[in-house]
Amino acid sequence: MEVLANLEQSKGKFPQSLKDQCDNYAKNTLGDIKYAPWLYVYSIMRGEFKQGWIPDNYYGRVVLPKSNGISGTAAQIKNISALLLSSNLFPDLVSYSGGIFSISASNKILKSEEVKDFLFKDHETVIYKLNSSYQGKGIHFFNKNEFCVDKIAKIGSGIFQKVIVQHDVFNELFPKPGATIRLTTVLTPEGKVDVRGAYLRLGIGSDEFVKSSTNIRVGINLDSGELFNNGYTSDWFEISEHPTTKKAFKGVMIPNFKQACDDVIALHKNYPFVQSIGWDVIINDQGSVEIMEWNAVHNGIKFTEAIQGPMFADMPWTDKKFIAA
């Protein structure tokens, strides 16, 4: 309802006719009026109600436990992602778990005194991500002078990754690292995997990396890879340019977007145990695709469902049999 109030400031009062359609759909199709508020948000953003929309709270409470279940938790163990998905697209360097450091590419065990030299042989700074971290939380940056294996033991298990130099297209929008493309893939009951949603997340102000609490989000056209003309702040206020750099979103093309889509489709096929995955992708300065992480537990769909949905109208997620299962 707070999001709706913010959107009403720019789009006008939410029409009663749309509210009635949302309420009826929430009660009669989804089974509870508590699923109506996100439908209000989707409807005011699009100026109409659409059958097949999945409210974010319905997605979290009903869909994910049934469509992904316990298999989704594998995505939270970040230091096994590259091995589990049989991929070299992750910028992983060294894994740490239970006192053991191992090289991600080979699983070779490193002695504690070897870790620093290995990490900083070719990199001035590395990122450390804790397992079970998400939304920009649990991320630590280390340079060689700051690094100490005892610090890592206190922080907990996770993965060291190289710092990716992002493509100049993203630097023009916001010149701090970490511009992230969020792609949502779906595995249908027929076995087909495709990309259903896409948007770009950018930092703002003094942010050193993208945080869910402050990020700017801009939709991406799935066919062309072009940014939507307008994006949204974390408070859901509509904007046409980045508030820090004043760079307009209109006309900006995401480099190598089709390849990014093809890559995450292939990765999802390598893990056919969940129906929906959110992928955080970066296009580096050479135009190559790199996968920062994947999420099959907390991969919220509210923004893409609002701007591009219904993304899941062909899925059985609103069927009575699915709900009762």
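## Exercises on a predicted model

In α9, the residues F257, A260, C261, D263, V264, I265, L267 and H268 are buried, where buried means under 20% relative accessible area, exposed over 50% and partly exposed in between (1.4 Å probe, protein chains only). The model is predicted, so local features need pLDDT of at least 70 and side-chain atom pairs count only at pLDDT 80 or more, while totals for chains, interfaces and linings use all residues. Residues are numbered from 1 along each chain as its sequence is written, and side-chain values use heavy atoms, with hydrogens and water left out.

**Exercise 1.** Compare the span of α9 with its expected span, and find what its buried residues pack against.

*Solution.* Helices (H or I, at least four residues) and strands (E, at least two) are DSSP runs, numbered from the N terminus. The expected span is 1.5 Å times one less than the number of residues. With 13 residues, α9 has an expected span of 18 Å, and the distance from its first C-alpha to its last is 19 Å, close to that value. Next, take contact as heavy atoms within 4.5 Å. The buried residues of α9 pack against β7 (180-187), β8 (193-202), β9 (216-220), β12 (276-283) and β13 (289-295).

**Exercise 2.** Locate S86, K246 and the cis peptide bond at P310 in the loops.

*Solution.* Most residues other than glycine have a negative phi, and most peptide bonds are trans. S86 has a phi near 50° and is in the loop between α5 (81-84) and β1 (92-97). Its relative accessible area is 63%, so S86 is exposed. K246 has a phi of about 65° and is in the loop between β11 (238-239) and α9 (257-269). K246 is exposed because its relative accessible area is 52%. The bond joining G309 and P310 is cis, with omega about 5°; P310 is in the loop between α10 (302-308) and α11 (320-324).

**Exercise 3.** Classify C148 and C261 by accessibility, then count the disulfides.

*Solution.* C148 has 28% relative accessibility, so it counts as partly exposed. C261 has 10%, so it counts as buried. A disulfide is a pair of cysteine sulfur atoms within 2.5 Å. The count by this rule is 0 disulfides.
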